[in-house]
Amino acid sequence: MKNAGLVALSLIALALAVILGPTSVPLRDLIHSPIVRDLRVPRALLGLLVGGALGVSGAGLQALVRNPLADPFLMGLSGGAGLGAVGAIALHLSGPWALPLAAFLGALAAMALVYRLGLVAGATLDPRILLLAGVVVGSFAAAISTAIVSLSEAEQLRNAMLWLWGGLSGASWTTVLVMLIYLPVPLVILVASARPLDLMALGDEPAAYLGADVARVRRRVYLAASLLTAAAVAVSGVIGFVGLIVPHIGRLIWGHRHRALIPVSFLGGGILLMLSDTLARTMVAPRELPVGIVTALIGVPAFAVLLRRWVGARA
Amino acid sequence: MACAGSRKPSTPKFSVVDDAGRTVGLSGSALRVVSLAPSSTELLFAVGAGPQVVGRTTWCRYPAAALAVPVVGDGLDPNLEAVAATHPDLVVLYRSPSNGTAITQLDQLGIKSVVLRQDLLVDVARDARLLGTLTGHQVAGDSIARLLDSLSALPAAAARARVAIVVWDNPPIVIGGGSFLDELGRLAGAQNVFHDLPQASATVSLESIASRNPDFIAVVDDSSASNTPSFARRPEWRAVPAVRAGHIIHLPGTLFGRPSPRAAEAVAAYARLLNGTK
């Protein structure tokens, strides 16, 4: 029932994202309109994929560091991506894919650095060190970006910052295809880690007694979640709140078992981002709001309502 | 130069109201001027006050003579020590919230400052008069102002093409009705398809650029080579017919990057570009 509702909701969100837009396209022209075919449909699908990637990444990281505040961008990836993007613009790297590639590489570099720092205490990633390393690496990268921005002619680089705030205007069939090829591997890794993640919620020692290879699971989950985030930030910048709030909503309704939570976070993230982007495109048309603002405006009240109901039901 | 350092309180000889609404009084023509905006540097040189400019920003590169002036740093949130070290009797700042502190601190240092907001052609005209008055080049300032005022009072040229001026591609940012680029287009016969937006520039959805279907995409471009901007090769931009057809106009940054006393030259160049691409 819950599952059918979630699938129905994602289809509704997808339909709304295709039907609604700043230009009014009559329903009967929907199939033939180049605007719908080349802009709206890929943008809606990219919203589903990016929102899904962020939702799953958030669910994985929250379990990994056992901290409800964990968010895909907490671990320094946004700082690394930002430094990549700002560097690409400052070095005048041109080419249609220079910016997303530079951001992706920046995010990967931050991921590698945080991962290495997380291993200082041995083969087991220490969640506390991981969090600390993420925040430190992120701040370091942000400081370098800010230095570059403040020393360069401001205009272009301020626009780079705008890009980083997130948005789906770079959507095309090419980006959708790239994501479709890229996403399955990290997603499958996370789904396969569902059972050990459940065990790890009991604590490292009990999990190990019950057969989980804690050190290996941690490394895998960290890398897979970070790879999801790095792809998301490369195609759409830093879109906040999806990865933070969607897993919590999932836990409130579906419980803590990761076998359900991971697919639910994927669809939930996709729904939230598709609905938010539809609003971002249409509310102030022809202008557009940064989608990260809308995800917060929708996600936070939705979370508050659910939290009240949940706490109320337990009391 | 003998009077340059003397700052005894006396009844000001000139008094103007600047674009922040402050009254600025000088006891004589400003002889040592620091200009903290490329637009005001250009204007100072245009009214003939170039030799009086003793400091500029890194980005003040026009006219070529300005390059000989020492750099005092950036224009927004400026380095006041470097500014004060030039012993200016007038500092020209751009009107921006990030200059608020600098203006107060200059007041405390006893250095006169004037705040200008050059966004539209009428602003350039008003500021040409104002800077002409303060630097003792009233006649030149007035004649530039009259030229610009008549230019902006001209009726719109018959629209020869519909244009979207793209300043950034992701998210797409276009020039709206509140920009001098919109004014220049109106005079050159290039109708801005986003004229209805009151802002100088705004983030819009790519879909609205595609559906408003401009004949040309214009970009302000500093590179001399008129190569295709890289966004034009991105698949989502191919949904805009003008991009697909390669109808891209390059407006050179030195002439179109900011409102300037060379607006008439810019209008003529714009019109030529429209003709050349047809």
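Two residues count as being in contact here when heavy atoms of theirs lie within 4.5 Å. Keep that cut-off in mind as we walk through this predicted model, beginning inside chain B.

The domain assignment splits chain B into domain 1, residues 14-151, and domain 2, residues 161-276. Their C-alpha centres are 29 Å apart. By the contact cut-off, 14 residues of domain 1 of chain B touch 13 residues of domain 2 of chain B. Together the two domains bury about 1,300 Å², and 66% of that area is on carbon and sulfur atoms. On the domain 1 side, E42(B), L121(B) and L151(B) lose the most area to domain 2, together 41% of what that side buries.

E42(B) deserves a second look. Its side chain meets that of R258(B) in a salt bridge, with 3.4 Å from N to O. Across this domain interface the rule finds two salt bridges, along with five residue pairs in polar contact, both residues at pLDDT 80 or more. Which parts of domain 1 build its side of the interface? Helices α1 (38-46), α4 (121-135) and α5 (138-153) of chain B each supply at least two residues, and α1(B) gives the most, with five. Sorted by class, this side of domain 1 has 10 nonpolar, two polar and two charged residues.

Now let us step out to where the two chains meet. The size of an interface is often given as the accessible area lost when the parts come together. For chain A and chain B that area is about 2,500 Å², with 59% of it on carbon and sulfur atoms. The contact takes 31 residues from chain A and 28 residues from chain B. The rule finds 10 residue pairs in polar contact across this interface, both residues at pLDDT 80 or more, and two salt bridges. In a salt bridge between the chains, the side chain of R281(A) meets that of E207(B) at 3.8 Å, N to O.

On the chain A side, the elements giving two or more residues are α2, α5 (127-151), α6 (154-164) and α7 (173-182). Of these, α6(A) gives the most, with five residues. By class, the chain A side divides into 13 nonpolar, 12 polar and six charged residues.

Finally, here is a single residue to find in chain A. S33(A) sits in the loop between α1 (2-19) and α2 (34-65). Is S33(A) buried or exposed? S33(A) counts as buried because its relative accessible area is 11%, under the 20% cut-off. A polar atom of the S33(A) side chain lies 3.2 Å from the backbone nitrogen of V36(A).

Definitions and conventions
Residues numbered from 1 in each chain as written. Chains lettered and ligands numbered in written order. Predicted model: local features only at pLDDT ≥ 70, side-chain atom pairs only at ≥ 80, totals over all residues. Heavy atoms only, no water. Helix = DSSP H or I, 4+ residues; strand = E, 2+ residues; numbered from the N terminus. Buried < 20%, exposed > 50% of the residue type's maximum accessible area, 1.4 Å probe, protein only. Polar contact = N/O pair within 3.5 Å; in protein donor to acceptor, adjacent residues only side chain to side chain. Buried area = accessible area lost by both parts, 1.4 Å probe. Salt bridge = Lys/Arg side-chain N within 4 Å of Asp/Glu carboxyl O. Nonpolar A, V, L, I, M, F, W, Y, C, P; charged D, E, K, R; others polar. Domains from an automatic or database assignment.
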